[in-house]
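Let's take a walk through this structure together. Keep the sequence and the 3D view open, and follow along at your own pace.

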Amino acid sequence: MAQMGFFDLSDRYASLDAKKDPLIEIDAVVPWEEFRPTLERVWRKPDAERKSRAGRKPIDAVLMFKTLVLSALYNLSDDQIEYQVRDRLSFMRFLGLGLEDRVPDAKTVWLYREALAQAGKVEELFQQFDRHLARQGYIARGGQILDASIVPVPRNHNSREENKAIKNGEVPDAWADKPAKRSQKDVDARWTKKHGKSHYGYKNHVNVDRKHKLVRRYHVSDAAQHDSQAVDHLLIKGNTGSGVWADAAYRSEETETKLRARKLKSHIHRKGKRGKPLTEQANGSNRTKSSVRVRVEHVFGAQANDMGGTLVRTIGMVRARAKIGMKNLAYNMRRLGQLRRLNPRPA
């Protein structure tokens with residue numbers, strides 16, 4: 001087999017362009033260098049704290065951030081992202097790597113994400129990109145849509161007594177002298193039931209604007225937290241519309257009071273009560289509201305299907321919050337590319 005030459009590689013990239021490589025679109029609309037100061041404050045020690053300048057030069061901070069974005073865009077594990085970057089020309093080009101360049105290994109990817117997670121910087125990066133969206137003309141418009149999606153994690157196989165201790169915020173006695181076992185147990189995730197099925201993990205609560213279907217704010221909780229408990233974390237002031245849409249799980253007098261206090265108009269679904277079903281008029285009103293509320297399902301559908309699923313392979317709330325936050329950020333980057341393609345001049 002002949003060795004690949006420069007023009008062969010160029011031809012390969014040209015064929016990717018002909019197939020409309022989506023990473024080219026994302027790369028063009030995201031101001032990567034604007035993230036550098038935030039990233040380097042986490043990943044690089046100040047010169048005064050460095051013991052020596054010897055050793056291998058650290059991988060560029062923006063390149064590592066783009067690697068984490070790739071991982072979120074395709075829901076890849078750290079080992080998978082290392083392999084895919086080595087294997088796929090589209091990934092290499094997105095990262096600005098040549099065939100001879102050093103590729104981040106799985107351990108390095110984990111360390112960089114861990115640094116972001118422990119510093120709580122993913123939400124800051126998310127908000128930074130939201131400000132970029134506003135500068136580009138994609139401000140929150142048309143009202144706010146609230147919803148939550150269960151994010152599964154690998155299930156723990158605990159005894160009934162161990163689960164009881166975890167729910168009480170305690171560490172089971174059997175784990176006290178087994179640090180290796182304890183490190184593999186997620187004591188923050190919780191079980192919940194939805195449509196008669198049991199689920200284990202966390203929840204991604206989001207606020208999506210009606211006009212652009214962009215995630216404007218998010219909140220991560222364990223799966224057992226009721227959707228309505230995240231309302232305070234999700235509502236924003238900056239949306240040009242006063243309407244708020246959500247399903248019946250959010251309906252309560254407390255929520256209605258909060259919305260009135262913020263001068264927001266409730267379009268939350270009504271729910272029937274035992275022995276007192278909804279009237280035909282109320283059902284019709286719910287169907288009208290559903291035509292707007294369904295837009296948030298498009299966001300969750302994109303994350304679950306187009307972006308490789310939502311399974312989180314980490315342990316603990318801190319890491320889950322970072323992974324889910326990166327998923328929401330990557331979705332917004334992808335969505336911005338779509339919006340620019342469909343309508344270069346935002347309204």
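**Rings, strands and a helix**

Search the whole structure for aromatic pairs and you get seven of them. One is made by Trp32 and Phe65, which meet edge-to-face, with 5.9 Å from centre to centre and 70° between the planes. This pair ties together distant parts of the chain: Trp32 lies in the loop between α2 (22-29) and α3 (36-43), while Phe65 belongs to helix α4 (residues 61-74), 33 residues apart. Keep in mind as you look that this is a predicted model.

Are these two rings buried or exposed? The cut-off for buried is under 20% relative accessible area. Trp32 has a relative accessible area of 8%, so it is buried. Phe65 comes in at 0% relative accessibility, so it counts as buried too.

Trp32 also has another partner. With Phe94 it forms an edge-to-face pair, this time 5.7 Å centre to centre and with 85° between the planes. Here, too, distant parts of the chain are linked: Trp32 sits in the loop between α2 and α3, and Phe94 in helix α6 (residues 89-95), 62 residues apart. Like Trp32, Phe94 is buried. Add Phe35 to the picture and you have one aromatic cluster, made of Trp32, Phe35, Phe65 and Phe94.

Charged side chains join in as well. Lys66 places its charged end over the ring of Phe94, 4.8 Å from the ring's centre. There is also Arg88, whose charged end sits over the ring of Tyr74, 5.5 Å from its centre.

Now let's move on to the strands, with β3 as our guide. Strand β3 covers residues 197-209, and ten of its 13 residues are buried, so the rest of the structure largely encloses it. Which strands does β3 pair with? Strand β1 (residues 144-152) is one of them, running antiparallel to β3 and joined to it by nine bridges. To find your place there, look for Ile150, which stands opposite Lys203 in β3.

Strand β2 (residues 190-194) is another antiparallel partner, with five bridges to β3. Here you can spot Arg190 opposite Gly201 in β3. Together β2 and β3 make a hairpin with two residues between them, and His195 in that turn has a positive phi of about 55°.

Then comes strand β4 (residues 215-222), which pairs with β3 over seven bridges, again in the antiparallel sense. Asn204 has Val220 as its bridge partner in β4. This is a hairpin as well, with five residues between β3 and β4; in its turn, Lys213 has a positive phi of about 55°. As you trace any of this, remember that in a regular strand the side chains alternate between the two faces of the sheet.

One residue brings us from the strands to a helix. Where does Phe300 sit? Phe300 is found in helix α13 (residues 280-306). Its relative accessibility is 8%, so Phe300 counts as buried. Setting aside residues up to four places away in sequence, Phe300 touches Asp147, Ala148, Ser149, Asn204 and Val206. You have already met Asn204, the residue whose bridge partner in β4 is Val220. For a sense of scale, pick out Ile26: it is 274 residues away from Phe300 along the chain, and the C-alpha atoms of the two are separated by 19 Å.

Definitions and conventions:
Residues are numbered from 1 along each chain as its sequence is written. This is a predicted model: local features need pLDDT of at least 70, side-chain atom pairs count only at pLDDT 80 or more; totals for chains, interfaces and linings use all residues. Side-chain values use heavy atoms; hydrogens and water are left out. Buried means under 20% relative accessible area, exposed over 50%, partly exposed in between (1.4 Å probe, protein chains only). Helices (H or I, at least four residues) and strands (E, at least two) are DSSP runs, numbered from the N terminus. Two strands pair if DSSP finds at least two bridges between them. Contact means heavy atoms within 4.5 Å. Rings of Phe, Tyr and Trp (its six-membered ring) pair if their centres lie within 6.5 Å; planes under 30 degrees apart count as stacked, over 60 as edge-to-face and the rest as tilted. A charge sits over a ring if NZ of Lys or CZ of Arg is within 6 Å of the ring centre and within 35 degrees of the ring normal.
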